[in-house]
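Student: Hi, do you have a moment to go through a model with me? I'd like to talk it over piece by piece.
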There are 2 protein chains.
Amino acid sequence: MTITGAVQRTASPVASQGLEGNSAGDGVALRASLRDRAAAIEAAVDALIPAVPGPEARVVDAMRYATLGGGKRLRGYLVAEVAALFAEGADADARAYRVSASVEMLHAYSLVHDDLPAMDDDDLRRGQPSTHRKFDEATAILAGDALQTRAFEILAETATHSDAVVRTDLVLALARASGAAGMVGGQMIDMEGEGRSLSLEEVRHLHALKTGRLIQYSAEAGAILGQATTEQRERLAAYGRDIGAAFQIADDVLDATASAEELGKTAGKDLAAEKSTFVALLGVDGARREAEALARRATEALAPFGEKAERLRDLARYVVERRS
Amino acid sequence: MTITGAVQRTASPVASQGLEGNSAGDGVALRASLRDRAAAIEAAVDALIPAVPGPEARVVDAMRYATLGGGKRLRGYLVAEVAALFAEGADADARAYRVSASVEMLHAYSLVHDDLPAMDDDDLRRGQPSTHRKFDEATAILAGDALQTRAFEILAETATHSDAVVRTDLVLALARASGAAGMVGGQMIDMEGEGRSLSLEEVRHLHALKTGRLIQYSAEAGAILGQATTEQRERLAAYGRDIGAAFQIADDVLDATASAEELGKTAGKDLAAEKSTFVALLGVDGARREAEALARRATEALAPFGEKAERLRDLARYVVERRS
C-alpha cells in the first residue's frame, strides 16, 4: 500500500459527494502532506528504535519490522498536523514527530498482538507476513510489549518537550486512550462479541474504544504539545473522536466491498467471523452516510482554526473516501 | 504462599551465616514490615484497578486476578521502604503505595505474558491457575497489555506526586527498566538461550535484564519519589541492582532444591527446559555464596542512611535466605 494509492478517490457516488465544492488542488495538497509527514514519521521511528547488537537483537528487529515499512500513519499524521496549528519550525516539527512515532508504536503493538493466533489469527498485515509469522509467537508477544513501553518512554523523554507537565499530560492521555478503558477494552469487547449479535449501540461503543480513542488521542496529543487552551483541546478532541468513528465505519465498508489485493490484508474477514459490523447493521449505503455525517461534524469543530486547518479538513474527507 | 511462610529461615548452614550477629528481633521486624506493607500494597492495587460493569469487565477481572491475592510484593516493598527514608506520614505513604502498586502491575503483566503457551507455558502461578488457564489466552494477552498501560498511567497521575518532573522521571525510569533494553530484552535472551549453553557472563547479563532491572528500578523509584540527591539515588540503585541479582541467584537455588509445594509453582522447570542457570554453572553452594556476597555489597551501599535503613538491610539478607 502506498500513500498515493491510499488517497485515490472512491468511485461510489455517495462517497464522492464530500468532494463536491473542493478543487482538485485539495486532494493534491493532502496527498503531498501525507507523503511528507509519513516519510518524516518513518525516519523518526527508525531513529527511535535503533537496531542493537547482542542476544536481545531479535526483539528489537521484530519491533522495527512491526513499525517500519509503511502504513497510512493516520495517527502520527494527526499529531503532527494538529501540533502545526500551534507551532511551526524545525524544532517544533522534531518534537511533534517524536510523539507521532510514539503513537505509531502504540498502534503497531496493538496490531502485533491482535494478529496473534489466540486473538484474530491473521497471517498478513499490510500485504506482508504478520510479526508472529515472520518471527515467532513469543517474539511477537515481547515485541508488542516493548513497543508499548517505548511509546511511553519517548513521551517522558525531555527531547519531547521541555515542560514536564506537557510530558506527563501526554503519558496520561495515551494511557487513558489505550488501556482497559480504551483500546484494550474495545479489543476485549470485540473478542467477546464474536459469534453473537451486537446492537448498533454496542458496536458504536466497541469501536469508540477499539480504534476511536487512539485516533482521538492523536489529535489531542498535538493540542497538548501545542499547549492549547482547554476549549481548543476539546474541539480538537471532538474532531479526532469523530474522524476516528468515521474511519472505523469506512473500514467496515472497505472490508465488505474491497478486495484483499486493495486492502493488503485478508478481506471479508469480519463476515467470516460473524462479527457485528456497521455494514451488517446499517447496510453499505447507510454506513457510508453515517461516516460522511461524522466527517462533516469533525470539520465543523475546526471552525476557529481557519486556513491553517485546511489539511485537517481534507483529512476528514479522506478517511471516508479512502480505498484501502 | 503467605508472607509469614516466605520469611522462614532456611536450614542451610551456608545460607544462615548472614544472620549471625543479628538478634532474632530483626527477622521479626522485617516480617512485620513486609506483612504491613504487603497489605497496604494489596489495598492500593485493589483501589487502582476497580472492577467495572459492562462487556469490557472480563479484561479488568483478569487484571485483578493477575495482581491481587498475594505474592511477596518485593518490588512494591522496596519502593515504599526506600521512599520512607525520605518522607514519612500518611500522605507520603499513600503516594509511595501508588508507585508500589504500579510496579507490581508491571511485574504482574510480565508474569502473565511469560506464562503463555508460546512463552514458558506455565499452568500454575503462586499455586493457582495462571491467568490464561483461569480465563483464556486472548484475555491473558490483553490483561497483560492493560496492566502495563495502567502502571504508566498511575505514575503520570497527579496523585502520585505534585511535581511533574518527579512523575516523568518515574515513567522514564520504569520504561527503561522494563523495555527491550531491560526486562523484555532479558526475556528474549532467555527464550533464545533455551536448549543451548550460556556462559556465566551471558547468564549474568540475562538476569540483570530479566529481573534485575525492575528490582533496581523499585529502589530507585523510592529515591525519585523522595527527590533524593544524585549520590543517594545512585547508592539506592546500586543496592537495588545487587539485591536483584542476589534474588535471581536465590531463585535458581530454590528451583533446584525446593519442592513444588513450597514454591507454589512447578519446581525443577529450569532443569527440564535445559536452561543455563547459576546453579548449573556454579553449583548450589557456589551460587549461594555469590548471592550472599551480593547481599553484603547491597548492605554496604546503605551506609549513609543509618538506622532508618535497617529494614532494607534485613531485606538484603532475606532475599538470599527465603525458602519460597
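Tutor: Happy to. Chain A has 16 helices and two strands as its secondary structure. Keep in mind that this is a predicted model.

Student: What share of chain A's residues count as buried?
Tutor: Of its 324 residues, 59% are in the buried class.

Student: And how many of the contacts in chain A join residues at least 24 apart?
Tutor: If you take contacts between residues at least 6 apart in sequence, 76% of them link residues at least 24 apart.

Student: Let's go to where the chains meet. At what angle do H9(A) and H9(B) pack?
Tutor: About 50°, and the two axes are 8 Å apart. Roughly parallel ends at 35 degrees and roughly perpendicular begins at 65, so H9(A) and H9(B) are oblique to each other. Their crossing is left-handed.

Student: Which residues make that contact?
Tutor: From H9(A) you have Ala164(A), Val165(A), Arg167(A), Thr168(A) and Val171(A). H9(B) brings Ala164(B), Val165(B), Arg167(B), Thr168(B) and Val171(B).

Student: Is H9(B) mostly covered or mostly open?
Tutor: Mostly covered, with 12 of its 15 residues buried. Among them are Ala164(B), Arg167(B), Thr168(B) and Val171(B), which also take part in the contact with H9(A). Leu170(B), Leu172(B) and Leu174(B) are on the buried list too.

Student: What should the length of H9(B) be, going by 1.5 Å a residue?
Tutor: Its 15 residues, 164-178, should span 21 Å. The end C-alpha atoms are 21 Å apart, so the two values agree.

Student: What does Asp163(B) do at the start of H9(B)?
Tutor: One of its side-chain oxygens comes to within 2.8 Å of the backbone nitrogen of Val165(B).

Student: Staying in this area, what does Ala156(A) touch?
Tutor: Setting aside residues up to four places away in sequence, Ala156(A) touches Arg167(A) and Val171(A) in chain A, plus Thr168(B), Val171(B) and Leu172(B) in chain B. Ala156(A) sits in helix H8 of chain A, which covers residues 137-156.

Student: Buried or exposed?
Tutor: Buried: Ala156(A) has a relative accessibility of 1%, and the cut-off for that class is under 20%.

Student: How far is its C-alpha from that of Leu170(A)?
Tutor: The separation is 8.2 Å, for two residues 14 apart along the chain.

Student: New topic: H6(B). How many of its residues are buried?
Tutor: 20 of its 25, so H6(B) is mostly covered. Its length works out as well: the expected span is 36 Å, and the end C-alpha atoms are 36 Å apart.

Student: How does H6(B) cross H11(B)?
Tutor: The axes come within 10 Å and cross at roughly 165°. That makes the pair roughly antiparallel, and the crossing is right-handed. The H6(B) side of the contact includes Arg95(B), Val99(B), Leu106(B) and Asp114(B), while the H11(B) side includes Lys210(B), Leu214(B), Tyr217(B) and Leu225(B).

Student: And H10(B), at what angle does H6(B) cross that one?
Tutor: Roughly 20°, with the axes within 12 Å. H6(B) is therefore roughly parallel to H10(B), again with a right-handed crossing. Leu106(B), Tyr109(B), Ser110(B) and Asp114(B) of H6(B) meet Met183(B), Val184(B) and Gln187(B) of H10(B). Leu106(B) and Asp114(B) also belong to the contact with H11(B).

Student: Let's look at the backbone. What is phi for Asp121(B)?
Tutor: Near 55°, which is a positive value in a residue other than glycine. Asp121(B) is in the loop between H6(B) and strand S1 of chain B, and is partly exposed with a relative accessible area of 42%.

Student: What about Arg126(B)?
Tutor: Arg126(B) is another non-glycine residue with a positive phi, near 50°. Its loop runs between S1 and strand S2 of chain B. It is partly exposed, at 27% relative accessible area.

Student: Last one: where is Glu81(B), and which residues is it in contact with?
Tutor: Glu81(B) is in helix H5 of chain B, residues 74-83. Leaving out neighbours within four places in sequence, its contacts are Ser33(B), Arg37(B), Lys308(B), Arg311(B) and Leu312(B). Its relative accessibility is 7%, so Glu81(B) counts as buried.

Terms used
Residues numbered from 1 in each chain as written. Chains lettered and ligands numbered in written order. Predicted model: local features only at pLDDT ≥ 70, side-chain atom pairs only at ≥ 80, totals over all residues. Heavy atoms only, no water. Helix = DSSP H or I, 4+ residues; strand = E, 2+ residues; numbered from the N terminus. Expected span 1.5 Å × (residues − 1). Buried < 20%, exposed > 50% of the residue type's maximum accessible area, 1.4 Å probe, protein only. Polar contact = N/O pair within 3.5 Å; in protein donor to acceptor, adjacent residues only side chain to side chain. Axes fitted to C-alpha atoms, helices over the stretch in contact; angles between N-to-C directions. Parallel < 35°, antiparallel > 145°, perpendicular 65-115°, else oblique. Left-handed = near helix turned anticlockwise from the far one by under 90°. Contact = heavy atoms within 4.5 Å.
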